[in-house]
Amino acid sequence: MADNLTAPLYSADGAERGSVDLNPDIFGIEPNTAVMHQVVTAQLAAKRAGTHSTKTRAEVRGGGAKPWRQKGLGRARHGSIRSPQWVGGGVAHGPKPRDYSQRTPKKMKRLALRSALSARAAEGQIKVVETFDVWDVPKTKNAVSLLAAMGITGKVLLLAEDHERIAITSFRNLDHVIASNLGQANTYDVLWADTIVMSKGTLDLGQSAPRGTDEHAAGVKASVAGEIEARASQLETGDSEGDAR
């Protein structure tokens, strides 16, 4: 397990703010390659629709009559023109609709995610943004400017908190960026990306207040209330300036 893990810290406009310590229990473990492989395999398998289907000889239309008599013609014996060896016949042992999803224990998913993040942290590819709450409206231009200011190129995974929806929306138009909230973080996306950009509030992976708990709900409500209050104060300030003019 690595100690003294740090990652560069940036503001929402890309200015450097020093560094931030990373939790060694999340970003400093020895990556478990076997678990990551199993989790990624299960994730990709779950994406398969499984709607493929072929018809057996019983499902192909026609072929009810015997093509010719059994004996006397010197030809091979056949009972139906819909047998698998006939053109237009049924398919033997062909694919049928099925569910490809695999059951993956939650502990295994958590270990795989922490392993992938630890691998990225060891490569120095974890970058942290203080907060995205300063962004007022969704703009792809802001997202592009932030990545350029941080010197980030290639494929990017952005992890933001639930109340930072404006940032998630701003990044979604970029084809080389996957933007999601913390609850959607998964091993495949971490391994796919060259750089991981995380909001400072996501560094604990929700362990301080796991999603679905009362503490998490209270935190989200407080964040939304603060955002509404800030918007209201901005509107009031704008109205007062307009009256003064």
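# Salt Bridges and Helix H4

Trainee: What is the relative accessible area of Glu123?
Mentor: Three classes apply: buried means under 20% relative accessible area, exposed over 50%, and partly exposed in between, with a 1.4 Å probe and protein chains only. Glu123 counts as partly exposed, because its relative accessible area is 47%.

Trainee: What pLDDT do local features need in this model?
Mentor: Residues are numbered from 1 along each chain as its sequence is written, and side-chain values use heavy atoms, with hydrogens and water left out. The model is predicted: totals for chains, interfaces and linings use all residues, side-chain atom pairs count only at pLDDT 80 or more, and local features need a pLDDT of at least 70.

Trainee: Which residue forms a salt bridge with Glu123?
Mentor: A salt bridge is a side-chain nitrogen of Lys or Arg within 4 Å of a carboxyl oxygen of Asp or Glu. The partner of Glu123 has its closest N and O atoms 3.0 Å apart. It is buried, with a relative accessible area of 10%. The partner is Arg120.

Trainee: How many residues apart in sequence are the parts tied together by Arg17 and Glu130?
Mentor: Arg17 and Glu130 form a salt bridge, with the closest N and O atoms 4.0 Å apart. Arg17 lies in strand S2 (residues 16-21) and Glu130 in the loop between S3 and H4, so the separation in sequence is 113 residues. Helices (H or I, at least four residues) and strands (E, at least two) are DSSP runs, numbered from the N terminus. The value asked for is therefore 113 residues.

Trainee: What is the N to O distance in the salt bridge of Glu59 and Lys96?
Mentor: Both residues are partly exposed, Glu59 at 42% and Lys96 at 31%. Their side chains meet in a salt bridge, with an N to O distance of 2.8 Å.

Trainee: Within what arc do the buried residues of H4 fall?
Mentor: The buried residues of H4 (residues 140-149) are Ala143, Leu146 and Leu147. They line one face of the helix, because, seen down its axis, they fall within an arc (of the directions from the helix axis to the C-beta atoms) of 95°.

Trainee: Which exposed residues lie on the face of H4 turned away from its buried side?
Mentor: The buried residues of H4 are covered by elements including strand S4 (156-160) and helix H5 (165-171). The face turned away from the buried side carries the exposed residues Lys141 and Ala148.

Key
Contact = heavy atoms within 4.5 Å.
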